[in-house]
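Please open the model in your viewer and keep the selection tool at hand, since each stop on this tour asks you to pick something and look around it.

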Amino acid sequence: MALATALGLFTPSANAFCRTKTCAAKGNPPCVIDPVTLCNTNGASVYWPVRSFKFWVDPLGSPKTGISGEAARGVLEQALAAWSSAACEGGPPSISVASVELMPDEDAVVLALSEPDGGTLSDPPFNTSVLTFVDQDSTLFLGGIIALTTVSFGTKSGRVVGADIEVDSANHALTLSDSAPSYDLLSVLTHESGHVLGLDHTLVDGATMYREYNGPNERDPLALRTLEADDIAGICEIYPPGRFDSGGCSCGLSARRTRAPLLALVVGCSWLGLRRRGTKQRFRARSGI
Ligand SMILES: [Zn+2]
C-alpha cells in the first residue's frame, strides 16, 4: 500500500526512471526498449539483495587532477548517501553503504588499468566494489564518456554482487569546488552511484540519472548532486522502506555466498560527456566464470 501511495505522488511524465535489466546478459532474451521511456523492459531488474554494502577507493586517487584518494573517498561517501537518505514514503530506502574505505596500498587499483575492459575487481573471486581514476588516455572512455560504472549481477536473478566505478580523469577537469566547478566530481559520482544501485538512464532532463552532463557548460554544474523526484521514485521502488520487514529475510550479509554461481555478466553504464555525441548507452557484456 505504501508503495502505491508513493508512486501516486509522481505524474507519469516525471516517473520515467529506468531500472537496469538483465536482458543484456548472455543466455537471456534480448532487451526490449519502451518507445516512450527508452527503458529496457525485458528481463529481471537489477538490485542489491542486502541491507548494506561496502565500497573501496583506490588510495592513489587522481594525481593528474590533484584529487587524493581520501578526498575521493569522502566524495563517494556523500554521493552514495544522497541515495540512501532519499525521502521515500515511509522512510529512507532499505539500502545503505556500510562504509567507504581506502584500499590498502598493497592492493592499489592498478588492476582496472591493466585490464582492457576494466573492472576486474568485480570478477570472482574478488567481488569487491572499487572506485578508481584513470589518469591516462584509455579506450574505455571513447566518445566523451566521463565515467563508467560496471555492475555485476546474477543473470537470472538480477541480484548485484559488486560494482566498480572508473572515472576518466585524463580528459576531464574534475573538481571538488563548490564555487568554481568544472566537471564536478560529486555530481559525477552521484550519477554513477545511481547505476551502482540499479538505476539506468532516464529521459527526465534535470534528474541526476539523466544521460548527459556537460560539466562546466551546464547552467548549474552542481545540480546533479541533489536527487530529483524521478531519481527518488526510482530508488524508492528498488529499495522500499521495510523491504526486510516481512518474511524474516536474513539475506543481509549473503552477497558473498551467492556471487559465484550467479555471476555471469557485467553490464557497464556509460555517461556521455557531450550532448552532441549522441545518447546511446554503451553496454559491455563479458563472461564471468
Ligand atoms: Zn550513466
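Begin by selecting strand E4 with its side chains shown: Val130, Thr132 and Val134 point one way from E4, while Leu131 and Phe133 point the other way, and all of them are buried. In a regular strand the side chains alternate between the two faces of the sheet. Bear in mind that what you are looking at is a predicted model. E4 covers residues 130–134, and because five of its five residues are buried, the strand is largely enclosed by the rest of the structure.

Next, add the strands that pair with E4. E2 pairs with E4 in the parallel sense over two bridges, and if you select Val57 you will find that its bridge partner in E4 is Leu131. Strand E6, residues 160–168, also pairs with E4 in the parallel sense, here over five bridges, and the bridge partner of Thr132 in E6 is Glu166.

Now select Phe55. Apart from its neighbours within four places in sequence, which residues is Phe55 in contact with? They are Leu76, Leu80, Val97, Val100, Ser129 and Leu131, the last of which you have already met as the bridge partner of Val57.

Phe55 also leads to the largest nonpolar core, which has 61 residues, and in which Phe55, Leu76, Val160 and Leu197 touch the most other members. The elements that give two or more residues to this core are E2, helix H2 (69–84), strand E3 (96–102), E4, strand E5 (145–154), E6, helix H4 (185–196) and H5. The largest share, seven residues, comes from H2. In soluble globular proteins, nonpolar side chains tend to be buried together.

From that list, select helix H5, residues 229–238, which is mostly covered, as nine of its 10 residues are buried; among them are Asp230, Asp231 and Glu237, alongside Ile232, Ile235 and Ile238.

Move on to the loop between strand E1 (18–19) and strand E2 (52–57), and select Val46, which lies there. Is Val46 buried or exposed? Val46 is buried, because 26 other C-beta atoms lie within 10 Å, and 20 or more are enough for that label. Leaving out residues up to four places away in sequence, Val46 touches several residues, including Arg19, Val151, Phe153 and Val160. If you also select Asp200, 154 residues apart from Val46 along the chain, the C-alpha atoms of the two are separated by 9.8 Å.

For a last stop, select Leu38, which lies in the loop between E1 and E2. Leu38 counts as partly exposed, because it has 17 C-beta neighbours inside 10 Å, and its phi is near 65 degrees, a positive value in a residue other than glycine.

Notes. Residues numbered from 1 in each chain as written. Predicted model: local features only at pLDDT ≥ 70, side-chain atom pairs only at ≥ 80, totals over all residues. Helix = DSSP H or I, 4+ residues; strand = E, 2+ residues; numbered from the N terminus. Buried ≥ 20, exposed ≤ 12 C-beta atoms within 10 Å, placed from the backbone. Contact = placed C-beta atoms within 7 Å. Pairing = 2+ DSSP bridges. Core = buried A, V, L, I, M, F, W, Y, C linked by C-beta atoms within 7 Å.
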